[in-house]
Amino acid sequence: MSLLEQLVAETKETFKSRFGRDPRWVVAAPGRVNLIGEHTDYNDGFVFPMAIERYTVIAADSREGDTGDTATIYSVGLDEQVDIRIRQPIAPQDQVKWWSYVQGTVAGCLDAGLQPEPFDAVIASDVPLGGGLSSSAALEASTATLIETMTGTTLDRIRKMFLCQKAEHEYAKMPCGIMDQYASIMAEKDHLLLLDCRSQQAEMVPLSDPSVSVLIINSNVKHELTGSEYPERRAQCHRVAGILGKPALRDATMEMLEAAKDQMDDVHFRRARHVIGEDIRTAAAAEALKQGDWDTVGRNMYASHFSLRDDYEVSCEEIDVLVDIAQSIGREGGVIGSRITGGGFGGCTVSLVETSKVGEVADAIARAYKEKTGIEPTLFATRPAQGAMVL
Ligand code: ADP
Ligand code: MG
């Protein structure tokens, strides 16, 4: 049984024991990981994510004879049951709760003309919550898919993606880009998405070679910083784009940046060098991946990591240790490339590993990381997974 099948079976069981009947609908939507293209999204650049084989599953059934305006939802992970509204008006609450994502997505579906009847639902997920693998988008995408299937309507997928993003912006108060919802809704099995954050269009890039897998390692550290790191970097990028006379760093080249070096301080120069370089690396990695040129893919992943560490300064000791261990195992040991993934200062690394060696590599990295930091990492291997689906 696959992990998804197991999770589906458990979710159905939980529904049955909690609500005393079988669920009528079961839907799922995956988390995602970004292979390369970090801190490029808000510079109108390119990202290269894929869906992972970790899903949020919802099992649900309508409530016969209920003419009310609420639905009851239970989260297995948080062991909490709440009633949410399924009729407008649904105003965002001041306090963000886990169900804000669900409530916001339902509100978006209502705006799109879908009219669900009162229902009961159980939500279960094996995407780690808050681990940088986008459990939030998986929750939104699965909720929207549930409302679609309940009402017998299929939303235009672009519209669906944007209503999920709007739920996250307005109801969860998180001003995210479009990558997470894009990947969770649009992803296709065995493909990555080369997403242009300006046009918001993606090219599907096959990773059909089964001999290569993606290893995700959670460092299990998250450094609490001042909180201004992210807006500060955004502002720095914006300022350099202004100096270069461009709408965004996506429009700038290394030559332009070099030519304007004396108009900015070293920090601004290095921030922009990361972003401009990262777009180049992302394009190069996507092209090499299409060709099966693994050395080039790997080289670009490491270069991305070092740039994020040295120029963008968003890595941390523990993450650097993980990448360092992966790199020292090297091609002979089955590691193609490795880097930090996500916003930074902790979270996960993503590595490309030969499928036949992924078990050994995972064990070796876990052991060495524990030895060096005293921390137990969490890790799993995945192939590019299918986006949101009705089961
Ligand atoms: P990430 O998306 O990286 O996992 P976020 O902070 O964006 O981290 O989203 C995590 C939040 O989403 C959780 O704190 C919770 O509020 C909500 N969430 C996600 N999945 C579930 C779930 N299965 N049950 C309840 N809440 C969930
Ligand atoms: Mg999220």
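Two strands are said to pair if DSSP finds at least two bridges between them, and the strands themselves, like the helices, are DSSP runs numbered from the N terminus (H or I and at least four residues for a helix, E and at least two for a strand). The model on your screen is predicted, so local features need pLDDT of at least 70 and side-chain atom pairs count only at pLDDT 80 or more, while totals for chains, interfaces and linings use all residues. Residues are numbered from 1 along each chain as its sequence is written, and side-chain values use heavy atoms, with hydrogens and water left out.

**First stop: a hairpin**

Select strand 4 (residues 70-75) and strand 5 (residues 80-85), which run antiparallel and are joined by six bridges. Within this pair, T72 has D83 as its bridge partner, and Y74 stands opposite Q81. Four residues lie between the two strands of the hairpin, and if you click on D79 in the turn you will find a residue with a positive phi of about 45°.

**Second stop: the sheet and its helices**

Now widen the selection to the open sheet of six strands, whose order is 5-4-6-3-1-13 and whose pairing is mixed. Strand 5 and strand 13 (389-390) are the edge strands, each pairing on one side only. Add helix 1 (residues 3-19), which lies across strands 1, 3, 4, 5, 6 and 13 and runs at about 25° to strand 3; such angles run from 0 to 180 degrees between N-to-C directions, and the axes are lines fitted to C-alpha atoms, for helices over the stretch in contact. Helix 5 (residues 179-186) also packs on the sheet, where it touches strand 1 and strand 3 (contact means heavy atoms within 4.5 Å), and its direction makes about 130° with that of strand 1.

**Third stop: two helices side by side**

Select helix 9 (residues 294-310) and helix 10 (residues 317-333), whose axes come within 12 Å and cross at roughly 155°. The two helices are therefore roughly antiparallel to each other, a label given to angles over 145 degrees. Show the side chains where they meet: W294, D295, Y302, H305, F306 and R309 in helix 9 touch I319, D320, V323, A326, Q327 and R331 in helix 10.

**Last stop: an aromatic pair**

The structure holds four aromatic pairs, in which ring centres lie within 6.5 Å. Select Y42 and Y230, whose ring centres are 5.4 Å apart and whose planes stand at 80°, so the pair is edge-to-face, a term for planes over 60 degrees apart. Y42 lies in the loop between strand 1 and strand 2 (46-47) and Y230 in helix 6 (residues 229-243), so the pair ties together parts that are 188 residues apart in sequence.

Note on methods
Chains lettered and ligands numbered in written order. Parallel < 35°, antiparallel > 145°, perpendicular 65-115°, else oblique. Phe/Tyr/Trp six-rings, centres within 6.5 Å; stacked < 30°, edge-to-face > 60°.
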